[in-house]
Amino acid sequence: MNFISTRGKTAGIGFIDTVLMGLADDGGLLIPNEIPHISAARLKEMESLSYQDLAYEVFSYYTNNEIPDEDLKDLIRQSYATFRDPEVTPVKKLTDNMYVMELFHGPTFAFKDVALQFLGNLYAYVSKKQNEIIHILGATSGDTGASAIEGVRGKEGIRICILHPHQKVSRVQELQMTTVDDENVLNLSVEGTFDDCQRIIKDLFADVPFKTKYHLRAINSINFVRILAQTVYYFYAYFRVQKDKPGAKVNFSVPTGNFGDIFAGYLAKRMGLPVNKLILATNENNILERFVLEGVYRPGEFKSTHSPSMDIQVASNFERYLYYLLGENPQQAAAYMEGFKTDGVITIAPELLSRVQADFAAHGVGGEECLATIGSYYREHGYLLDPHTACGVAAYEKCSPAEEVCVTLSTAHPAKFNESIELVGIEQTYPQPIQDLFAKPQHQEIVDSSVEEIVRRLESFYTK
Ligand SMILES: N[C@@H](CCOP(=O)(O)O)C(=O)O
């Protein structure tokens with residue numbers, strides 16, 4: 001196993017180097033040179049593994065023996081010991097054919113912890129073993145930032161800078177990031193949107209001399225390890241459902257903005273997990289829905305919604321999927337991405353669209369629909385959905401036939417988005433770690449959205 005770029009000019013990269021490279025040096029995204037296939041017999045044997053053992057098994061297909069077994073097990077153990085639920089990602093049944101997989105039991109109450117607790121520990125491990133300086137640079141629409149900071153705060157040999165869009169994340173998301181007072185953390189609040197933050201990050205990672213000089217490392221889902229760690233919970237949920245409904249075909253409804261979480265599901269399917277349909281749930285920023293329905297990938301006008309973590313126009317991982325859709329042809333993938341850069345649109349042929357629609361269904365959930373879903377699940381099932389999960393549930397209702405089984409990924413705890421929960425007229429009690437945030441001072445610098453400004457702030461942070 002080694003890793004190659006979707007654009008074909010970077011290849012033969014080992015696992016640790018893939019982690020460190022983040023974005024491929026040719027500007028593409030790193031992917032395995034071949035997707036490992038797990039046989040049906042082996043899947044059967046994996047059914048009763050604990051979350052940690054399952055993670056070890058899935059990671060082992062990719063780590064290329066670069067991390068000794070005991071060290072890998074230890075990294076996994078440490079990473080999931082911080083979760084409040086012993087199952088890590090418990091699966092709850094809400095109706096006969098509908099399950100919710102709760103991904104929010106980690107330290108920052110969002111699914112990002114599943115991958116970023118591991119990646120934070122892995123960075124610390126590599127930094128120590130290889131005497132590597134790790135300067136993490138990331139962009140967030142709210143959840144990734146807090147989770148990445150939590151994963152590495154106070155860790156020796158590591159500095160982290162996170163860009164978030166100024167006043168476009170929820171109050172709790174902002175507090176989670178900016179109340180951290182460790183010296184190795186810098187929060188830049190960018191006057192712009194998440195897409196501006198992500199564009200800056202990608203420009204800086206694509207500048208190989210700059211990236212090398214400052215040892216830039218990625219925590220966003222451009223980093224393949226993010227995808228890999230998120231793949232594990234698809235296996236976990238599928239096996240839990242099989243226990244309840246042996247032989248059931250399983251759909252997954254996935255709230256997604258950057259296409260990372262749902263791409264992890266696609267990868268699990270390509271590895272042999274019998275995933276039926278992947279339902280792509282998004283909000284009014286519905287570029288991905290339009291792609292699945294019409295075969296046209298074109299950013300629209302940015303809208304602030306009840307589900308700010310999905311307020312994204314340009315989805316980072318789309319390029320990984322495009323590569324597979326184009327028959328693993330890097331020249332074509334590079335040409336499509338070049339076309340997107342110049343014309344701002346990708347249009348695929350009808351035969352490719354049929355393939356997309358064989359794998360995915362999609363629904364962009366409106367604001368009223370999102371709030372109505374929160375209200376009805378609270379009243380009818382006594383279950384409080386966060387607004388992103390509510391988009392997942394609304395998309396499940398629209399796209400998954402009633403007789404089919406579906407798992408909706410619950411990506412965050414509702415306490416992170418009280419602004420929206422209040423609008424439904426529901427009063428919630430915050431978990432203590434969230435309540436505590438309101439009394440803490442904040443640390444952040446408000447900056448404009450130019451690359452030059454960010455470089456200036458980074459250079460002063462790195463040379464402190
Ligand atoms: N929704 C994300 C945006 C960044 O996505 P990532 O999966 O690439 O980290 C967030 O909450 O920050």
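1. Let's start at the front of the chain. UniProt, in an unreviewed entry, gives residues 3-80 the annotation "domain: Threonine synthase N-terminal". Keep in mind that what you are looking at is a predicted model. In this model the span 3-80 is 50% helix and 8% strand, and its end C-alpha atoms lie 26 Å apart.

2. The next annotation comes from an unreviewed UniProt entry too: residues 95-409 are listed as "domain: Tryptophan synthase beta chain-like PALP". Here the chain is 50% helix and 18% strand. The C-alpha atoms at the two ends of residues 95-409 are 15 Å apart.

3. Now for the sheets. One of them is open and has six strands, and if you walk across it you meet β3, β4, β14, β9, β10 and β13 in that order. The pairing in this sheet is mixed. At the edges sit β3 (91-95) and β13 (360-364), each with a partner on one side only. From one strand to the next, the twist averages 25 degrees.

4. For a closer look inside that sheet, try β9 (residues 250-255) and β14 (residues 405-410). These two strands run parallel and pair over four bridges. If you want one residue pair to click on, S253 has T408 of β14 as its bridge partner.

5. What lies across β10 and β13? That is helix α12, residues 287-294. Helix α12 runs at about 135 degrees to β13.

6. There is also an open sheet of five strands, in the order β8-β5-β6-β7-β15, and its pairing is parallel. Its edge strands are β8 (216-218) and β15 (445-448), which each pair on one side only. Ignoring direction, neighbouring strands in this sheet are turned by 30 degrees against each other on average.

7. Within the five-strand sheet, β5 (residues 134-139) and β6 (residues 158-165) pair in parallel over six bridges. I136 and I160 are bridge partners, with I160 sitting in β6. Helix α5 packs on this sheet and touches β5, β6 and β8. The direction of α5 makes about 145 degrees with that of β6.

8. Helix α5 (residues 112-130) has a helix neighbour as well: it packs with α6 at an angle of about 35 degrees, the axes being 8 Å apart. The crossing is right-handed. On the α5 side the contact is made by K112, D113, L116, Q117, L119, G120 and Y123, and on the α6 side by D143, T144, S147, A148, G151 and V152. By class, that gives five nonpolar, five polar and three charged residues.

9. Another helix pair worth a look is α10 (residues 224-244) with α11 (residues 260-270). They pack at about 65 degrees with axes 8 Å apart, and their crossing is right-handed. Helix α10 brings R226, I227, Q230, T231, Y234 and F235 to the contact, while α11 brings G260, D261, F263, A264, G265, L267 and A268. Seven of the contact residues are nonpolar, four polar and two charged.

10. Last, the ligand. Which residues come nearest to the ligand? Of the 13 around it, they are T140, D143, T144, N220 and S221. Helix α6 (residues 143-152) supplies the largest share of the shell, three residues. D143 and T144 also turned up in point 8, on the α6 side of the contact with α5. By class, the shell has 12 polar residues and one charged residue, with no nonpolar ones.

Note on methods. Residues numbered from 1 in each chain as written. Predicted model: local features only at pLDDT ≥ 70, side-chain atom pairs only at ≥ 80, totals over all residues. Pairing = 2+ DSSP bridges. Axes fitted to C-alpha atoms, helices over the stretch in contact; angles between N-to-C directions. Contact = placed C-beta atoms within 7 Å. Left-handed = near helix turned anticlockwise from the far one by under 90°. Nonpolar A, V, L, I, M, F, W, Y, C, P; charged D, E, K, R; others polar. Near = placed C-beta within 6 Å. UniProt positions renumbered as here; feature names shortened; annotations may be inferred.
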